[in-house]
Amino acid sequence: MLGFLVRLLPFWVREPLLIVVGSVFGVRIAYMALDEKDWVLGVIGAVFLVVTALRVHTVVQALRARRNPAPAASVDGTTPDTPAPAPAPQRPAPAAPAAPAVREKEPNAWGQAFAAVAVFAALGAAVWLGPKLLPSEAHGTPHAVSCPDGQETELPSAYKKPPRTVTGAELCEALNTPDLARLLGTPAETATGASASNNTAPLTGGKVAQPEAKVEFDTYTVNVAVTYNHLSIAQYVKLMDYGNEIDVKKTEVLGRPAVFSSDHTMKIEISLGGASGGPVEQGPLARTLAVALDAKDRGGYYEITVWSTSGAFPDDDVLLDITEKVLPAVPARKM
């Protein structure tokens, strides 16, 4: 149906229209082919551009023919350059008043072409830029999630005594950066969840603050926590010798002592129908980078952990990049 309607258009509207549409789609498909390294898309884009080039050639030939029309043959087969035999002199008849000839105004080919190009160039620009200008919900991509408000709950007393500790909401704001998906190696993903909590460290009687924040993606989950105790990274490494941590590797991040380790997460099932929940099970393996709060390693540390339901996690360089991006964004402690 669309092809039939296009064929009904005048030549000077139809051809510029097809040239603009072919150019837009050809360039767009060629760009996608280069970006995705797909040779099939490259062939399709090349076909669009070749057909468009042929139509441009046709329009150019038509314009040249319109500017320089060929000499037309007369009725008796002679051309205007061939002298015709002089007719015999006749007595002129009385001339009747001739009505003024009404010359039909021909359509302006250049005007039609310019109008078609302008209209369909605007349509082509809309096709090209539409996905970037429209809201992300219009093409199925949700907005990034936002972190919870840190003022909704009362802070435990461990957060109120000096030195000032950060809150879970502040950690979430630092972690929930637009670059997080790219740093994880999954730039096409959008965060599906973000949470924060103002906990205290276990077995401390609520005296040690331990805020946490978590950002979830379809592939990975990233958690950041801060423990404001007196345990240094050097002591932390010694404790790992007695724990279940594996693949322990000491390093340095932002001029501070740090250590990599791996351990399984915990999987807890809560039954809403009964009085008791399910047993605590072993969850997927996670990779953690613990970093001292200061360069002198006087106690306390950040922990950045990455895991996925499949049990896979990115390499240590990715975890380093995330840490170097997030930690500078965490508010500094105030003494």
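Visitor: With which residue does Arg 287 form a salt bridge whose closest N and O atoms are 3.5 Å apart?

Guide: This is a predicted model, in which local features need a pLDDT (the predictor's confidence in each residue, from 0 to 100) of at least 70, side-chain atom pairs count only at pLDDT 80 or more, and totals for chains, interfaces and linings use all residues. Residues are numbered from 1 along each chain as its sequence is written, while side-chain values use heavy atoms and leave out hydrogens and water. A salt bridge is a side-chain nitrogen of Lys or Arg within 4 Å of a carboxyl oxygen of Asp or Glu, and the partner of Arg 287 at 3.5 Å is Asp 247.

Visitor: How many residues apart in sequence are the parts tied together by Arg 287 and Asp 247?

Guide: Helices (H or I, at least four residues) and strands (E, at least two) are DSSP runs, numbered from the N terminus. Arg 287 is buried, with a relative accessible area of 1%, whereas Asp 247 counts as exposed at 52%; buried means under 20% relative accessible area, exposed over 50%, and partly exposed in between (1.4 Å probe, protein chains only). Since Arg 287 belongs to strand S6 and Asp 247 to strand S4, the parts that the pair ties together are apart in sequence by 40 residues.

Visitor: Which residue meets Asp 179 in a salt bridge of 3.2 Å, N to O?

Guide: Asp 179 is partly exposed, with a relative accessible area of 25%, and its side chain also meets that of Arg 182 in a salt bridge of 3.9 Å. The partner at 3.2 Å is itself partly exposed, at 37%, and that residue is Lys 325.

Visitor: Which helix gives the most to the largest nonpolar core?

Guide: A nonpolar core is a set of buried Ala, Val, Leu, Ile, Met, Phe, Trp, Tyr and Cys residues joined through side-chain atoms within 4.5 Å. The largest one has 38 residues, and those with the most contacts inside it are Leu 180, Leu 184, Leu 289, Ile 304 and Ile 322. Among the elements that each supply at least two residues are helix H5 (168-175), strand S7 (301-307) and helix H8 (316-326). The most, five residues, comes from H8.

Visitor: Which side chain joins that of Glu 303 in a polar contact of 2.6 Å?

Guide: Glu 303 is found in strand S7 and is buried yet has no salt bridge, the nearest side chain of opposite charge, Arg 287, being 12 Å away; Lys and Arg count as positive and Asp and Glu as negative, while His and the chain ends are not counted. A polar contact is a pair of N or O atoms within 3.5 Å, where within protein one must be able to donate a hydrogen and the other to accept it, and residues adjacent in sequence count only if both atoms are side-chain atoms. At 2.6 Å, the partner of Glu 303 is Tyr 236.

Visitor: How many contacts beyond four places in sequence does the model have for residues 130-143?

Guide: The mean pLDDT of the protein is 76, and 67% of its residues reach 70 or more. Over residues 130-143, however, pLDDT stays under 50. Where pLDDT is low, the predicted coordinates should not be read in detail. With contact meaning heavy atoms within 4.5 Å, the number for residues 130-143 beyond four places in sequence is 11.
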